[in-house]
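I set out to look up the strand pairing, the cysteines and the charged pairs of one structure. The entries below record each item in turn.

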Amino acid sequence: MGPILGRTATFAIAAMLFAPAHGGAVQPVARQAQEPKPPREKPPRIVSVDAKNFEFDPAVIHMKVDERVELDVTSEDHTHGIRISAFPDGAKTNTAPGLSFPNGEDCFKLKKGEMVAIGIVPTEPGTYTFICCKLCGSGHKKMKGQIIVEP
């Protein structure tokens with residue numbers, strides 16, 4: 001076995017190995033500046049909605065264009081459903097939807113006692129109807145509500 005190099009010799013060898021090829025002094029490596037983080041999105045406004053006795057409570061919900069909203073819908077008595085029209089009431093054919101749903105579902109099933117979160121982003125002012133989409137009994141047809149989107 002060969003002799004063990006002293007600390008000074010080890011540093012000298014390391015300096016030669018890592019020295020720049022042009023013979024200059026070793027320069028510290030500059031760290032890249034971190035990109036600023038984008039501002040956090042504001043959390044959605046939560047609106048609790050109860051489905052019971054063939055009605056939604058509240059039956060009218062107000063929103064503003066581009067406001068992120070989460071409807072937390074719970075059935076209180078038995079299985080119901082909720083379908084929210086993406087198109088304003090009275091919209092003509094080929095009208096763009098005025099509500100955007102990140103979930104992408106059409107009819108949300110509401111089991112008794114369970115909460116379903118529905119994300120909505122309104123993009124156009126107007127009145128949008130929502131209905132019960134699961135046959136729930138004799139008052140099923142009158143189980144309706146409205147989302148009113150203001151500019």
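These entries go from the sheet to the cysteines, then to the salt bridges and finally to one glycine.

**Entry 1. Status of the model.** I note at the start that this is a predicted model.

**Entry 2. The sheet.** I looked up the strand order and found an open sheet of five strands, arranged β2-β1-β4-β8-β6, with mixed pairing. I then asked which strands stand at the edges. They are β2 (55–57) and β6; each has a single partner strand, so one side of each is left without a neighbour in the sheet. As background, I recall that strands of a sheet pair through backbone hydrogen bonds, either parallel or antiparallel.

**Entry 3. Strand β4 and its partners.** I examined β4 on both sides. Towards β1, the two strands run parallel and are joined by seven bridges. I recorded two residue pairs here: Val47 has Leu71 of β4 as its bridge partner, and Ala51 stands opposite Ser75 in β4. Towards strand β8 (residues 115–122), β4 runs antiparallel, with six bridges between them. In this pairing, Asp72 has Ala117 of β8 as its bridge partner. I also checked how far β4 is covered, and six of its seven residues are buried.

**Entry 4. The disulfide.** I searched for disulfides and found one in the structure. It joins Cys107 to Cys133, with an S to S distance of 1.8 Å. The link of Cys107 and Cys133 is right-handed, with 90° about the S-S bond. I placed the two ends along the chain: Cys107 is in the loop between β6 and β7, Cys133 is in the loop between β9 and β10, and the pair links distant parts of the chain, 26 residues apart. Are these two cysteines buried or exposed? I find both Cys107 and Cys133 buried.

**Entry 5. Cysteines outside the disulfide.** I next considered Cys132, which is in no disulfide; its nearest cysteine sulfur is that of Cys136, 3.8 Å away. Cys132 has a relative accessibility of 3% and so counts as buried. Cys136 is likewise in no disulfide, and the nearest cysteine sulfur to it is that of Cys132, at 3.8 Å. Why is this pair not counted as a disulfide? The sulfur atoms would have to lie within 2.5 Å, and those of Cys132 and Cys136 are 3.8 Å apart. Cys136 is buried too, with a relative accessible area of 9%.

**Entry 6. Salt bridges.** How many salt bridges does a search of the whole structure find? I count three salt bridges, and I took them one at a time.

The first I looked up is between Arg45 and Glu67, whose closest N and O atoms are 2.6 Å apart. Arg45 lies in strand β1 (residues 45–52) and Glu67 in the loop between β3 (60–64) and β4 (69–75), so this pair ties together parts that are 22 residues apart in sequence. Arg45 counts as partly exposed, at 33% relative accessibility.

The next is between Glu150 and Lys64, with the closest N and O atoms 3.8 Å apart. Because Glu150 is in strand β10 (residues 144–150) and Lys64 in strand β3, the pair ties together parts that are 86 residues apart in sequence. Glu150 is partly exposed at 30% relative accessibility, and Lys64 is partly exposed at 45%.

The remaining one is formed by the side chains of Asp106 and Arg83, at 3.3 Å from N to O. Asp106 lies in the loop between β6 (99–100) and β7 (108–110), whereas Arg83 is in strand β5 (residues 80–84), so the pair ties together parts that are 23 residues apart in sequence. Asp106 is partly exposed at 49% relative accessibility. Arg83 is partly exposed as well, with a relative accessible area of 30%.

**Entry 7. Gly126.** I closed with Gly126, which is found in strand β9 (residues 126–131). Which residues does Gly126 touch, not counting those up to four places away in sequence? The contacts are Ile147, Ile148 and Val149. I also looked up the separation of Gly126 and Leu99: they are 27 residues apart in sequence, and their C-alpha atoms are 9.7 Å apart in space.

Note on methods:
Residues are numbered from 1 along each chain as its sequence is written. This is a predicted model: local features need pLDDT of at least 70, side-chain atom pairs count only at pLDDT 80 or more; totals for chains, interfaces and linings use all residues. Side-chain values use heavy atoms; hydrogens and water are left out. Helices (H or I, at least four residues) and strands (E, at least two) are DSSP runs, numbered from the N terminus. Contact means heavy atoms within 4.5 Å. A salt bridge is a side-chain nitrogen of Lys or Arg within 4 Å of a carboxyl oxygen of Asp or Glu. Buried means under 20% relative accessible area, exposed over 50%, partly exposed in between (1.4 Å probe, protein chains only). Two strands pair if DSSP finds at least two bridges between them.
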